[in-house]
Each structure stands twice: as structure tokens, then as C-alpha cells.
Amino acid sequence: MSCVMPLLLAGCASSGTTPLAASLQALLPDDDRVEAQAASIPHATLSARLGDVQGLRVMGAQAGDISYWPSRGGGVLELHKGGLHATAGLPEDLLGTRYGPARHGTPRHSESPPWRQDAPTPFMLVRHWRDDEGQVRRGEARGELRCAAAEPVALPLGERSLERCEALLAWAGGETTTSTYWRDPANRHLWAVRETPWPGAPTMQWQVARHWW
């Protein structure tokens, strides 16, 4: 059975779609327009929503495993190996992300992210962000990635068979957040992400329309 990515809704949508389903209209008001725009652009594109900022993004640059996705308003989404690394131009910005094994101390440099490893995978996450008052914050969390069997998922430019992987993050301050990844079961590239990057942060989510790897 084909399903559409649950970008905003975790349960059944009112239209009667499956528990893993919600219309792409939950991400953008006119999904036909998004699909048409993505199909007409020969470059790597994302259909993204970062808090209240939403739209189709074209990759502006790439340096190694880091890709940069500007918005019309001047903001930038920065991905590392397809996962959330940093943002710029939002009311609250993520300044940086590092991953490391849960058994080690605080990672000084970002190691292989959990979605590129076998699941279940315990890991440690360190993030810095700037809050809406301009204060720089730091948070550490521990989590474990668990993936379900691959299922067909509808994306802006077609359907793919993807694994849905969930990570419940336990932060040092006692809070919890959830990160959800949809990855290719063979090469483990991410095709969609939905996560709350730190406790109290706005939800950030996107789907790959045209990939760049």
C-alpha cells in the first residue's frame, strides 16, 4: 500500500488516509504546485517547512557532506549527510550539531550520524542554538535509533520504498524530543526528516524532491 509522508500528523488524517499518511498539503497549501515546481527545476530541491517558514528550496552550494539550502527571505538550512546541522535567518537558529557514540564522552567533532548506521544505534547528540532573545544555548541528549521495515512512501517527484526510523532523545535537563527519519534501506540516504531540534524548538521538516547524491 502506498502512503504519503506524515509531515504534521502522526495519526489518521480526516480524509481517511493510513496511520502513516497525511497529505502533502499539510506541508504546503498547493501540493500540485510544489510537484510542478520541483519537476521543472533540474537542480536538487527540498520541500521544507522550518517553523513558520515553508516553501520549495533549491540547493545553493555543497562542500563535502554539507549542503546549503537558501530561502527567498535570506535564511539558510544547512544539512550534514542529509540531516539537520544548522539554520540561519530564523527567529531561533540552530548553530551546530555533533553526533558521537553514546558510550564515549562529549563528541568534539561530528562522527557518522545515526541514520547511516545499523539500527538500533545508541548515540549522543550535542547542539548549540540561539533563542528568541539572542542567547546562545547548549544541550546534550542521548538516544537510540530504531527503524521499521521499508514501506512505499509518496514524495514530491515519485514514490520510494523507505524505512521509517525513530529516535527518542533524552536531554540532560530531563526533557525529551523526537526525531523521525525516512531513509533508503540500501544506501541510507535520507529522503525526509521531521524533528524538534531542541526542547521547545519549532518543528523542522522536509522532503527531498530531487536528490543531489
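Two strands count as paired here if DSSP finds at least two bridges between them, and the strands themselves, like the helices, are DSSP runs numbered from the N terminus (E, at least two residues, for strands; H or I, at least four, for helices). In strand 6, then, the bridge partner of Ser67 is Leu79. This is a predicted model, with local features needing pLDDT of at least 70, side-chain atom pairs counting only at pLDDT 80 or more, and totals for chains, interfaces and linings using all residues. Residues are numbered from 1 along each chain as its sequence is written, and side-chain values use heavy atoms, with hydrogens and water left out.

Back to the sheet around Ser67. Strand 5 (residues 66-70) and strand 6 (residues 76-80) run antiparallel and share five bridges. They sit in an open sheet of four strands, ordered 4-5-6-7 with antiparallel pairing. Strand 4 (61-63) and strand 7 (83-88) are the edge strands, each pairing on one side only. From one strand to the next, the twist averages 20 degrees, with axes taken as lines fitted to C-alpha atoms (for helices over the stretch in contact) and angles running from 0 to 180 degrees between N-to-C directions.

Strand 12 (residues 158-171) has several partners. Strand 10 (residues 136-147) pairs with strand 12 in the antiparallel sense over five bridges, and there Arg142 has Ala170 as its bridge partner. Strand 11 (residues 151-155) is also antiparallel to strand 12, again over five bridges; Pro152 stands opposite Ser161, and a hairpin through two residues joins strand 11 to strand 12. Strand 13 is joined to strand 12 by eight bridges, antiparallel once more. The hairpin of strand 12 and strand 13 has four residues between the strands, and Gly174 in that hairpin takes a positive phi near 100 degrees.

Which residue in strand 13 is the bridge partner of Glu163? That partner is Arg183, and the two side chains form a salt bridge as well, with the closest N and O atoms 2.7 Å apart. Salt bridge here means a side-chain nitrogen of Lys or Arg within 4 Å of a carboxyl oxygen of Asp or Glu. Because Glu163 lies in strand 12 and Arg183 in strand 13, the salt bridge ties together parts that are 20 residues apart in sequence. With buried set at under 20% relative accessible area, exposed at over 50% and partly exposed in between (1.4 Å probe, protein chains only), Glu163 counts as buried at 15%, and Arg183 is buried too, at 5%.

The structure holds eight salt bridges. Another of them joins Glu166 and Arg164 (2.7 Å, N to O); here Glu166 is partly exposed at 26% and Arg164 partly exposed at 23%. Arg188 and Asp118 form one with the closest N and O atoms 2.5 Å apart. That pair links distant parts of the chain, 70 residues apart: Arg188 is in the loop between strand 13 (176-183) and strand 14 (190-195), and Asp118 in the loop between strand 8 and strand 9. Arg188 is partly exposed at 22%, while Asp118 is exposed at 53%.

Pro185 also lies in the loop between strand 13 and strand 14, and is partly exposed at 38%. Leaving out residues up to four places away in sequence, Pro185 touches Ala150, Ser161, Leu162 and Glu163, where contact means heavy atoms within 4.5 Å. The C-alpha atoms of Pro185 and Ser161 are separated by 8.0 Å, with their positions 24 residues apart along the chain.

On to the aromatics. Rings of Phe, Tyr and Trp (its six-membered ring) pair if their centres lie within 6.5 Å, with planes under 30 degrees apart stacked, over 60 edge-to-face and the rest tilted. By this rule there are eight aromatic pairs. Tyr99 and Trp115 have ring centres 5.6 Å apart and planes at 85 degrees, so the pair is edge-to-face. It links distant parts of the chain, 16 residues apart: Tyr99 in strand 8 (residues 93-101), Trp115 in the loop between strand 8 and strand 9 (121-130). Both Tyr99 and Trp115 are buried. Separately, Trp69, Trp191, Trp212 and Trp213 form one aromatic cluster.

Finally, the core. A nonpolar core is a set of buried Ala, Val, Leu, Ile, Met, Phe, Trp, Tyr and Cys residues joined through side-chain atoms within 4.5 Å. The largest has 36 residues, and Leu46, Leu77, Tyr181 and Trp206 have the most contacts inside it. Strand 12 gives the most to this core, with five residues. Leu77 touches, among others, Leu46, Ser67, Trp69 and Trp206, not counting residues up to four places away in sequence.
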